[in-house]
Amino acid sequence: MTMRISVFGTGYLGATHAAGMAELGHEVIGVDIDPAKIERLQRGEVPFYEPGLPELLRKHVDSGRLRFTTDAAEAASFADVHFIGVGTPQKKGSYAADMTFVDSVIETLAPLLIRPAVILGKSTVPVGTAARLAARVRELAPVGDDAQLGWNPEFLREGFAVEDTLRPDRLVIGVDKDRPGRIEEVAREVYADAISRETPFLVTDLATAELVKVSANAFLATKISFINAIAEVCEVTGADVTELADAIGHDARIGRKFLGAGLGFGGGCLPKDIRAFMARAGELGVDQALTFLREVDDVNLRRRQHVVSLVKRELGGAPLSRRVAVLGAAFKPESDDIRDSPALDVAGQLHLAGADVRVFDPEAMANAAAVWPTITFAESTAAAIADAEIVVVATEWKEFRGLDPHAVGEAVANKVVIDARNCLPADSWLDAGWRYIGMGRYSS
Ligand code: UDX
């Protein structure tokens with residue numbers, strides 16, 4: 001059945017969710033407080049890089065099933081189901097999540113609800129938030145108890161956001177078990193398409209739903225830091241962490257995914273989510289339960305220092321005015337997102353140490369230059385590596401993975417490459433006469 005849906009927030013999560021809901025057959029209105037963003041989206045333009053999303057968005061803006069507004073009242077009178085997909089960034093000077101945007105959606109939307117409505121939160125929030133917001137909605141909404149709030153955490157990955165939205169691994173719906181209301185029924189209608197494909201549909205209480213999301217991200221972060229910690233041991237023993245990951249990954253209980261040793265995790269989710277999780281555990285008096293996440297964070301940040309140290313070592317100690325090519329600025333390939341990007345962090349640290357850093361990224365240049373206006377951003381891979389004394393591959397874009405080591409070798413002053421994502425065919429680079437330094441392998 002076609003439903004009328006609003007999505008508050010039009011960032012990576014909200015814009016994708018809005019277009020995905022339209023693709024599922026619903027009538028959708030996307031809401032944001034940024035008029036420039038809304039104008040672009042209304043023209044069918046996506047203000048960030050996400051493969052497949054521009055096509056999907058244009059399709060449904062054209063079909064009339066998807067539109068955008070800055071007017072919350074318009075969304076409140078149009079829709080029966082309201083999703084919240086605004087950001088919960090790390091607070092300045094603290095580990096905790098900044099709830100300003102989520103709170104402000106509730107404060108704006110709830111007083112406008114003059115007929116029964118279901119609000120489904122998707123943003124990643126500290127456990128306990130949904131119960132607080134559900135009570136606030138009942139208090140503010142003119143329809144009182146007929147405005148119900150549930151939590152429906154989102155697990156999408158940037159770069160695969162469309163696929164993850166249309167074909168999720170699982171759906172989790174948190175409801176207040178004492179007042180379940182219509183939330184499960186409405187969520188089943190919204191996601192009827194996925195449910196018909198036997199996507200697991202899990203109904204939990206509000207706190208569990210909130211915790212499922214942060215636990216999943218904490219587990220993924222832990223898996224990455226685990227293999228990066230092992231990489232540190234490999235580096236001093238001559239072992240190869242990639243072969244090791246293949247071998248342990250064959251154990252189905254462990255699995256090979258997210259055992260990619262390298263420069264560690266970044267982005268708008270994993271780093272801030274584990275920190276917010278620790279902060280929340282502290283508030284709840286169980287900080288000891290999550291102290292291991294501090295280690296996860298530390299291992300992760302050490303990878304960046306390791307790469308910076310390797311560059312300095314290879315340059316003989318002083319990087320001042322030495323030419324360093326950094327390939328990659330996005331936190332991962334198929335994204336223009338530079339939030340907490342390990343690649344950009346390495347480039348920034350080398351830049352601050354006085355190196356002549358030339359960065360190239362296929363999609364993230366504008367975002368990166370806005371944060372680091374004093375770094376030199378090259379126009380192409382070739383321009384970044386021209387006369388470089390050392391090349392650092394910091395994001396594993398396909399364009400970098402496929403570089404021809406012979407051709408690249410002719411452009412550089414010195415054939416030294418640091419493969420900070422273990423994404424290059426090491427043997428080909430070694431055969432072409434390069435000094436190749438991987439992460440947790442081929443160390444020298
Ligand atoms: C993550 C979760 O995967 C997703 O379920 C959640 O909804 C949001 O957070 P995302 O931030 O898009 O998604 O990126 P992801 O693909 O998980 O990668 C996170 C970081 O880990 C990247 O910086 C990536 O380079 C790094 N990573 C990933 C590794 O260093 N090694 C790996 O093996 C895998």
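## The ligand and the two domains around it

In this predicted model, the ligand is surrounded by 20 residues, and Glu158, Gly260, Phe265, Gly267 and Cys269 are the closest of them. Sorted by class, that shell holds ten nonpolar, six polar and four charged residues. Helix 10 supplies the largest share of the shell, with three residues. Where does the ligand lie with respect to domain 1 and domain 2? Residues of the shell come from both domain 1 (4-199) and domain 2 (245-437), so the ligand lies between them.

Let us look at those domains next. The chain is divided into domain 1, residues 4-199, and domain 2, residues 245-437. Taken over C-alpha atoms, their centres are separated by 33 Å. The two domains also touch: 14 residues of domain 1 are in contact with 16 residues of domain 2. On the side of domain 1 that touches domain 2, there are nine nonpolar residues, four polar ones and one charged residue.

Helix 10 deserves a second look, this time for its packing. Helix 10 (residues 206-237) packs against helix 12 (residues 270-283) at an angle of about 115°, and 9 Å lies between their axes. Their crossing is left-handed. From helix 10, the contact uses Val214, Asn217, Ala218, Leu220 and Ala221, while helix 12 brings Leu270, Asp273, Ile274 and Phe277. By class, the residues of this contact are seven nonpolar, one polar and one charged.

Now for the database annotations. UniProt, in an unreviewed entry, has two lists under "binding site", set side by side here.

| "binding site" list (UniProt, unreviewed entry) | Residues |
|---|---|
| One list | Asp32, Lys37, Thr88, Thr124, Glu158, Lys272 and Arg339 |
| Another list | Phe155, Leu156, Arg157, Glu158, Lys213, Phe258, Leu259, Gly260, Ala261, Gly262, Gly266 and Lys332 |

Why do the residues of the list with Asp32 and Arg339 not all gather at one spot? They span 308 residues in sequence, and their farthest two C-alpha atoms are 24.3 Å apart, so a single spot does not hold them all. One of these residues, Thr124, is found in the loop between strand 5 (117-121) and helix 6 (129-140).

The list that includes Phe155 and Lys332 is spread over 178 residues of sequence, and in space its C-alpha atoms are up to 24.4 Å apart. Phe258, which is among its members, is found in the loop between helix 11 (241-249) and helix 12. Glu158 is named in one list and also in the other, and Glu158 is among the closest residues to the ligand. Gly260, another of those closest residues, is included in the list with Phe155.

Finally, the unreviewed UniProt entry places the feature "domain: UDP-glucose/GDP-mannose dehydrogenase C-terminal" at residues 325-426. This span is 34% helix and 18% strand, and its end C-alpha atoms lie 18 Å apart.

Technical notes:
Residues numbered from 1 in each chain as written. Predicted model: local features only at pLDDT ≥ 70, side-chain atom pairs only at ≥ 80, totals over all residues. Domains from an automatic or database assignment. Contact = placed C-beta atoms within 7 Å. Nonpolar A, V, L, I, M, F, W, Y, C, P; charged D, E, K, R; others polar. UniProt positions renumbered as here; feature names shortened; annotations may be inferred. Helix = DSSP H or I, 4+ residues; strand = E, 2+ residues; numbered from the N terminus. Axes fitted to C-alpha atoms, helices over the stretch in contact; angles between N-to-C directions. Left-handed = near helix turned anticlockwise from the far one by under 90°. Near = placed C-beta within 6 Å.
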